[in-house]
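Q: I'm new to reading protein models, so could you pick out a single part and walk me through it slowly? I'd like to see how it sits among its neighbours.

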Amino acid sequence: MSQKTLLEVRDLKKYFAVPGGFLHAVDDVSFSIKEGETLGIVGESGCGKSTLGRVILRLHEPTDGKIIYNGMDITNFDKEEMRKMRQHMQIVFQDPYASLNPRFTIAQIIEEPLKLHNIYKTEAERRQRVEELMELVGLAKRMYNMYPHEFDGGRRQRVVIARALSINPKFVVCDEPVSALDVSVQAQILNLMMELQEKLGLTYIFISHDLSVIKHISDNIGVMYLGQMIEKAPKKDIFQNPLHPYTVALLSAIPSTNVREKKNKIILKGEISSPINPKDGCRFSPRCPFACDICHQKTPVLQEVQPNHFVACHRYQEMIDHKLQF
């Protein structure tokens with residue numbers, strides 16, 4: 001039985017007005033996610049991956065394009081319609097301490113969405129739900145009346161996850177949820193999120209700059225560069241058969257645990273293009289050792305070149321044939 005498409009993004013754009021023109025934070029991004037899957041979004045800082053997540057949830061208003069959730073075009077939903085949609089779509093932020101109200105107890109923080117959406121009528125019902133959520137994410141009952149400053153980073157992030165799940169969403173944007181945590185705690189939170197996904201049938205967009213983390217949790221991976229999605233494929237294909245030179249360079253930077261392995265780390269040279277009023281052409285071309293005339297003149301289109309493998313590169317066929325190698 002085929003899975004149903006839960007989220008579809010079509011030609012999504014988000015431009016910010018800045019001195020000198022418009023910053024193209026998200027530019028013509030399209031993809032879809034099926035129910036129960038995780039799409040990992042990876043790229044360098046400033047590539048637009050966090051902005052993409054916020055635009056999909058309408059925390060930033062899109063400049064153009066369409067956001068279709070469960071068959072509904074939510075792109076132009078008004079404030080009240082989006083308030084109702086929050087029961088279906090939630091976010092887990094990067095910094096757990098900054099996203100928690102220091103004046104609220106853990107119980108009050110988790111309970112707040114229940115009050116806003118008027119899901120439970122009595123205080124006793126809300127308390128029971130809060131206790132269920134705390135148990136679900138691995139927080140002891142004795143922590144019920146504690147404050148965020150009394151917790152370490154891992155427990156704070158568990159509180160953030162409990163709050164996001166309190167109103168039973170089906171889709172969650174995870175915006176670098178483990179990047180502020182120690183490595184040992186990162187593994188605990190990642191495993192928790194995977195367990196919750198299986199138990200509750202959640203669908204994730206998981207944003208990170210860390211390919212090792214993305215590999216652990218994702219089903220499919222989208223690689224972003226300066227506001228554009230330049231490659232998207234199942235996890236296995238991205239790691240075993242990358243078709244964009246930027247993806248190859250990113251993969252080469254993953255640290256190896258095998259001290260005997262000689263890894264060819266690719267150092268990219270050249271200037272990074274400006275995302276403000278970008279010119280035609282591939283935005284990676286100033287740093288790409290394989291760039292030719294067409295790369296500087298014409299913007300490549302993200303196209304399916306192998307089953308479920310999409311790439312935006314004029315020379316992808318030569319990458320497939322292994323004629324281009326760093």
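A: Sure, and keep in mind that this is a predicted model. A neat place to start is one rung between two strands: Ile68 has Asp73, in β5, as its bridge partner. That pairing belongs to strand β4, residues 64-69, which runs antiparallel to β5 and is joined to it by two bridges.

Now zoom out a little. These strands sit in an open sheet of four, in the order β2-β1-β4-β5, with antiparallel pairing. β2 (21-34) and β5 (72-73) are at the edges with a single partner strand each, so each has one side without a neighbour in the sheet. Helix α1, residues 49-56, packs on this sheet and touches β1 (5-18), β2 and β4. The direction of α1 makes about 115° with that of β1.

For another helix, have a look at α6, residues 183-200. With 18 residues at 1.5 Å a residue, α6 should span 26 Å, and its end C-alpha atoms are indeed 26 Å apart, so the two agree. Which residues of α6 are buried? They are Val185, Gln186, Ile189, Leu190, Leu192, Met193, Leu196 and Gln197. Looking down the axis of α6, you'd find those buried residues within an arc of 160°, so they line one face of the helix. Here's the general idea: an α-helix has 3.6 residues a turn, so residues three or four places apart point the same way.

What do the buried residues of α6 pack against? Their neighbours are β3 (38-42), α4 (123-136), α5 (153-165), β7 (171-175), β8 (203-208) and α7 (211-217). On the other side of α6, Val183, Ser184, Glu195, Glu198 and Lys199 are exposed. Finally, just after α6, Gly201 takes a positive phi of about 70°.

How values were computed
Residues are numbered from 1 along each chain as its sequence is written. This is a predicted model: local features need pLDDT of at least 70, side-chain atom pairs count only at pLDDT 80 or more; totals for chains, interfaces and linings use all residues. Side-chain values use heavy atoms; hydrogens and water are left out. Two strands pair if DSSP finds at least two bridges between them. Contact means heavy atoms within 4.5 Å. Axes are lines fitted to C-alpha atoms, for helices over the stretch in contact, and angles run from 0 to 180 degrees between N-to-C directions. The expected span of a helix is 1.5 Å times one less than its number of residues. Buried means under 20% relative accessible area, exposed over 50%, partly exposed in between (1.4 Å probe, protein chains only). The arc is that of the directions from the helix axis to the C-beta atoms.
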